[in-house]
Amino acid sequence: MLERRPGAQPQGDDDPWHTGAACRRDEVGLFFAPSKEPTAARLSREEQAKQVCARCPVLLECREHALAQPEPYGVWGGLTAAERRVVLARRRRRETELREASRPRRIAG
């Protein structure tokens with residue numbers, strides 16, 4: 001499988017957000033874990049990647065891209081894969097709650 005990093009996609013008219021990504025100037029290894037990476041090293045690397053994301057002008061576009069795909073690996077939009085799974089679960093739960101709240105209620109009687 002090829003590793004992709006945020007902003008490493010080819011430029012296109014329909015998805016130009018990545019051209020301004022701060023990560024385009026950084027090493028791909030910062031955003032994706034090497035195999036068998038120790039936990040302490042992973043946490044440190046992810047924090048460094050998030051620092052790059054924090055100064056990125058397209059952070060929100062990148063994050064939404066990663067959530068919409070969904071991207072299964074790496075740091076995208078300042079979130080790890082695990083953090084993105086939490087965001088997606090919360091969004092699904094909220095959408096379900098909104099659907100339930102908008103349904104007409106039957107009155108017993």
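The legends below describe close-up views of a predicted model of one chain.

**Figure 1. Overview of the three helices in the predicted chain.**
The chain contains three helices and zero strands, and its elements follow the pattern α-α-α along the sequence. Helix H1 spans residues 39–54, helix H2 spans 59–68, and helix H3 spans residues 81–102. Of the 109 residues, 33% count as buried. The exposed surface of the chain comes to about 7800 Å², and carbon and sulfur atoms supply 52% of this area. Among contacts with a separation of 6 or more, 43% are between residues 24 or more positions apart.

**Figure 2. The largest nonpolar core, with Phe31 and Trp76.**
This core has 17 residues. Phe31 and Trp76 are the members that touch the most other members. H1 and helix H2 are the elements that give two or more residues to the core. In soluble globular proteins, nonpolar side chains tend to be buried together. Phe31 is also in contact with Cys53, a residue of helix H1.

**Figure 3. Buried residues of helix H2 and what covers them.**
The buried residues in H2 are Leu59, Cys62, His65, Ala66 and Leu67. Their cover includes H1 and H3. An α-helix has 3.6 residues a turn, so residues three or four places apart point the same way. In this helix, Leu59 has a relative accessible area of 18%, and Cys62 has a relative accessibility of 5%. Both values fall under the 20% limit for a buried residue, so Leu59 and Cys62 are classed as buried.

**Figure 4. Surroundings of Leu59 in helix H2.**
Leu59 is buried, at 18% relative accessible area. Apart from neighbours within four places in sequence, Leu59 is in contact with Cys53, Ala54, Gly77 and Gly78. Of these partners, Cys53 belongs to helix H1. The view also includes Trp17, which is 42 residues from Leu59 in sequence. The C-alpha atoms of Leu59 and Trp17 are 9.4 Å apart.

**Figure 5. Surroundings of Cys53 in helix H1.**
Cys53 is buried, with 7% relative accessible area. Its contacts, leaving aside neighbours within four places in sequence, are with Phe31, Leu59, Val75, Gly77 and Gly78. Among these partners, Leu59 lies in helix H2 and Phe31 is a member of the largest nonpolar core. Gly77 and Gly78 also appear among the contacts of Leu59. Leu79 is 26 residues from Cys53 in sequence, with a C-alpha to C-alpha distance of 8.8 Å.

**Figure 6. Cys23 and Cys62, neither of which is in a disulfide.**
The chain has zero disulfides. For Cys23, the nearest cysteine sulfur is that of Cys62, 6.0 Å away. For Cys62, in turn, the nearest cysteine sulfur is that of Cys23. A disulfide requires the two sulfur atoms to be within 2.5 Å, so the 6.0 Å separation does not qualify. Cys23 is buried at 5% relative accessibility, and Cys62 is buried at 5% as well. Cys62 is one of the buried residues of H2.

**Figure 7. The salt bridge between Glu83 and Lys50.**
The closest N and O atoms of Glu83 and Lys50 are 2.7 Å apart. Glu83 lies in helix H3 and Lys50 in helix H1, so the salt bridge ties together parts that are 33 residues apart in sequence. Glu83 is partly exposed, at 29% relative accessibility. Lys50 is also partly exposed, at 22%. In total, the chain has six salt bridges.

**Figure 8. The salt bridges Glu97–Arg94 and Glu100–Arg103.**
Glu97 and Arg94 form a salt bridge in which the closest N and O atoms are 3.5 Å apart. The two residues are three residues apart in helix H3, which means that about one helical turn separates them. Both are partly exposed: Glu97 has a relative accessible area of 42%, and Arg94 has a relative accessibility of 46%. The side chains of Glu100 and Arg103 meet in another salt bridge, with an N to O distance of 3.2 Å. Glu100 is partly exposed, at 43% relative accessibility.

Notes:
Residues are numbered from 1 along each chain as its sequence is written. This is a predicted model: local features need pLDDT of at least 70, side-chain atom pairs count only at pLDDT 80 or more; totals for chains, interfaces and linings use all residues. Side-chain values use heavy atoms; hydrogens and water are left out. A salt bridge is a side-chain nitrogen of Lys or Arg within 4 Å of a carboxyl oxygen of Asp or Glu. Helices (H or I, at least four residues) and strands (E, at least two) are DSSP runs, numbered from the N terminus. Buried means under 20% relative accessible area, exposed over 50%, partly exposed in between (1.4 Å probe, protein chains only). A nonpolar core is a set of buried Ala, Val, Leu, Ile, Met, Phe, Trp, Tyr and Cys residues joined through side-chain atoms within 4.5 Å. Contact means heavy atoms within 4.5 Å. Accessible areas come from the Shrake-Rupley method with a 1.4 Å probe; for residues, only the protein chains shown count as cover.
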